[in-house]
Amino acid sequence: QVQLVESGGGSVQAGGSLRLSCAASGRTFSSYAMGWFRQTPGKEREFVAAINTSGGSTYYADSVKGRFTISRDNAKNTVYLQMNSLKPEDTAVYYCARGALGTTPYHYNYWGQGTQVTVSS
């Protein structure tokens with residue numbers, strides 16, 4: 001069974017930075033694309049960023065492009081999301097996911113439990 005465990009969330013003022021980590025169990029981490037999504041109450045889960053198996057290709061939502069960076073370390077079975085210049089509208093629960101490379105939740109079949117990010121103005 002695959003387990004994904006996010007960490008690094010917290011509270012920060014607007015303009016600040018956070019780095020989220022997602023550690024995956026199992027030996028097949030490098031065989032799958034990874035993605036980050038976020039969700040606020042009453043809204044659908046929203047694509048944030050995705051990365052292919054090697055880390056050579058990355059994709060971002062327009063709302064975070066230029067501010068967020070996704071990366072992965074296959075030796076450590078970990079994917080990261082560096083978030084800079086945070087805005088109050090970035091406040092959400094952030095989830096990492098494993099699956100096929102894509103920008104919708106339907107591309108991913110394993111999900112972490114989520115980590116809260118709160119950005120105050």
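Let me begin with one pair of strands: strand S3, covering residues 18-24, and strand S8, covering residues 78-83, run antiparallel to each other and are joined over six bridges. Within that pairing, Leu 20 stands opposite Leu 81 of S8. I should say at once that what you have in front of you is a predicted model.

These two strands belong to an open sheet of four strands, in the order S1-S3-S8-S7, and the pairing in this sheet is antiparallel. At the edges lie strand S1 (4-7) and strand S7 (68-73), each of which has a pairing on one side only. On average, and with direction ignored, neighbouring strands of the sheet are turned by 15° against each other.

Now, which residues touch the most other members of the largest nonpolar core? That core has 32 residues, and the ones in question are Trp 36, Leu 81, Met 83 and Tyr 94. Several strands supply at least two core residues each, among them S3, S7 and S8, and also strand S4 (33-39) and strand S9 (92-99), while the largest share, five residues, comes from strand S5.

Finally, I would like to look at two loop residues. Most residues other than glycine have a negative phi. Asn 77, however, in the loop between S7 and S8, has a positive phi of about 55° although it is not a glycine, and Asn 77 is buried, because its relative accessible area of 17% falls under the 20% cut-off. Ser 85, which sits in the loop between S8 and S9, also has a positive phi, near 50°, but Ser 85 is partly exposed, with a relative accessible area of 40%.

Terms used
Residues numbered from 1 in each chain as written. Predicted model: local features only at pLDDT ≥ 70, side-chain atom pairs only at ≥ 80, totals over all residues. Heavy atoms only, no water. Pairing = 2+ DSSP bridges. Axes fitted to C-alpha atoms, helices over the stretch in contact; angles between N-to-C directions. Core = buried A, V, L, I, M, F, W, Y, C linked by side-chain atoms within 4.5 Å. Buried < 20%, exposed > 50% of the residue type's maximum accessible area, 1.4 Å probe, protein only.
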